[in-house]
Each structure stands twice: as structure tokens, then as C-alpha cells.
Amino acid sequence: MKKKLVTDQAIDRRLRTLSWIVFAVLALATGYTVFEAISPTGIVSRALIYGPGLALLWVLALLVFEVFFSRRAWCRYACPIGLTYGVVGILSPLRIKYTLDSCFHEGDCRKVCLVPHVLDTVIKGRAVDTEVPIKPDCTRCGLCVDTCPTRSLTFDVKGFSKLL
Ligand code: SF4
Ligand code: SF4
């Protein structure tokens, strides 16, 4: 069988927790946000303001890795900001709620979501209840709510009725 050139490999998500701890320890030990030095967004921002440097090669390498091996790998498995937002997401009263009964399971929501692992629950047989709150990594962007043809995904406030 012909091997695909472009794949989307899943990597162990615990890597993100490990990366968060490593960057936190490095920041405490050095008094410097080491993460910012290798963050692609930081590098590109600095390149735009101060001019390009060798660090852009790192961004290029990341880009090649993400295109050919694992999509959005930096955000999913390495960026400590994502995990920090996830913790904020646990505390946030606003969330997305999934209702199993009306779902077609065709997966349109997962195609538009930038963190599709949070919507694993819409895959047939995965939902643990008839109503499931979407995981804290969800950014509440609302793309899935707009896309869902059956309103199986809605905004919700913890402890209150549906907003939309
Ligand atoms: S609100 Fe946005 S991030 Fe959250 S599940 Fe929907 S599409 Fe994904
Ligand atoms: S878009 Fe709506 S109906 Fe389709 S899989 Fe997602 S939740 Fe279910």
C-alpha cells in the first residue's frame, strides 16, 4: 500500500502538561519566560517588528512538522498557554453543551473546530450521557454552534438554562 506523505498523527496529550511544568520551572529558575523565546507567535511578532532572524527557521521547521505529520501540534501538545486557558475554561461559567438525542454524528462540528479533540463526544457511541458539557479546552468560539444543523451544540451557562 502507498504510504501517505501528509498525515495527522495523534501525540500523547500528556506532553502538554509536561511542557507546562518544564516551562514553569525554567521561568522560575531563570526569571525569564523561556517559552517566549521559542514560541512561533512570539518569533513571528518579533520578526515583523525588528526584522527576520534565524529563529524563523524554527518556525519553518514547526510548520513543516504540522503540515506533514501532526496538525496544530504546537498548540495541541506543547504550548503552555493552551493548558492555562484550559484551566480558566474549567472555571468559566459559559460553556458549550452537547445534546445527544438530536445529533446526526456526521461530524460537521469537528471539521470547523480548531481543537477538535474536545468534540470527540459527538462521535457515535462516545457520549457518556444524553447531555454533555464540552471539555475545558474549548475556546467558546461558537463555530460548532453555527455549523451544527440540528442545534445539538448550544451555548449554556452552568446552573442556568440555554442561552441560544
Ligand atoms: S466553541 Fe469553538 S472551540 Fe469550542 S467546541 Fe465549538 S468550535 Fe470547538
Ligand atoms: S454538527 Fe451537530 S449534528 Fe453534526 S455531529 Fe456535530 S453535534 Fe452532531
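Before I begin, one definition: when I speak of a helix axis, I mean a line fitted to C-alpha atoms over the stretch in contact, and the angle between two axes runs from 0 to 180 degrees between their N-to-C directions. Please also keep in mind throughout that what we are looking at is a predicted model.

With that in hand, let me take helix α3, residues 40-50, and helix α4, residues 55-68, whose axes come within 9 Å of each other and cross at roughly 135°. Angles from 65 to 115 degrees count as roughly perpendicular and those over 145 as roughly antiparallel, so α3 is oblique to α4. The crossing of these two helices, α3 and α4, is left-handed. On the α3 side the contact is made by Pro-40, Ile-43, Val-44 and Ala-47, and these meet Ala-55, Leu-56, Trp-58, Val-59 and Leu-62 of α4. If you sort the residues of this contact between α3 and α4 by class, you find nine nonpolar, no polar and no charged.

Now a second pair of helices. The axes of helix α1, which covers residues 14-30, and helix α6, which covers residues 80-91, come within 8 Å and cross at roughly 105°, so that α1 is roughly perpendicular to α6. Here α1 contributes Arg-16, Thr-17, Ser-19, Trp-20 and Phe-23, while Pro-80, Gly-82 and Leu-83 come from α6. By class, the contact of α1 with α6 is made up of four nonpolar residues, three polar ones and one charged one.

Stepping back to the chain as a whole, the protein has eight helices and three strands, and, read along the sequence, these follow the pattern α-α-α-α-α-α-β-α-β-α-β. The C-alpha trace spans about 50 × 45 × 30 Å along its principal axes.

Let me turn to those strands. The three of them form an open sheet in the order β2-β1-β3, with antiparallel pairing. The edge strands are β2, at 131-133, and β3, at 153-157, each of which pairs on one side only, and the twist from one strand to the next averages 35°. Strand β1, residues 94-99, is joined to β3 by five bridges, and the two run antiparallel. Within that pairing, Ile-96 stands opposite Phe-155 in β3, and Leu-94 has Val-157 of β3 as its bridge partner. Towards the other edge, β1 and β2 also run antiparallel and are joined by three bridges, with Lys-97 standing opposite Pro-133 in β2. As a general reminder for anyone looking at the side chains, in a regular strand they alternate between the two faces of the sheet.

Finally, the two ligands, and here I would put a question to the group: which residues come closest to ligand 1? There are 14 residues surrounding ligand 1, and the closest of them are Cys-113, Cys-138, Cys-141, Leu-143 and Cys-144. The shell around ligand 1 divides into 11 nonpolar residues, two polar and one charged, and I should add that cysteine counts as nonpolar in this scheme.

Around ligand 2 there are likewise 14 residues, of which Cys-103, Asp-108, Cys-109, Cys-148 and Ser-152 come nearest. By class, the shell of ligand 2 holds seven nonpolar, five polar and two charged residues.

Note on methods
Residues are numbered from 1 along each chain as its sequence is written. Chains are lettered from A and ligands numbered from 1 in the order in which they are written. This is a predicted model: local features need pLDDT of at least 70, side-chain atom pairs count only at pLDDT 80 or more; totals for chains, interfaces and linings use all residues. A residue is near a molecule or strand if its C-beta atom, placed from the backbone, lies within 6 Å of it. Helices (H or I, at least four residues) and strands (E, at least two) are DSSP runs, numbered from the N terminus. Angles under 35 degrees count as roughly parallel, over 145 as roughly antiparallel, 65 to 115 as roughly perpendicular and the rest as oblique. A crossing is left-handed if the near helix is turned anticlockwise from the far one by less than a right angle, and right-handed if clockwise. Two residues are in contact if their C-beta atoms, placed from the backbone, lie within 7 Å. Two strands pair if DSSP finds at least two bridges between them.
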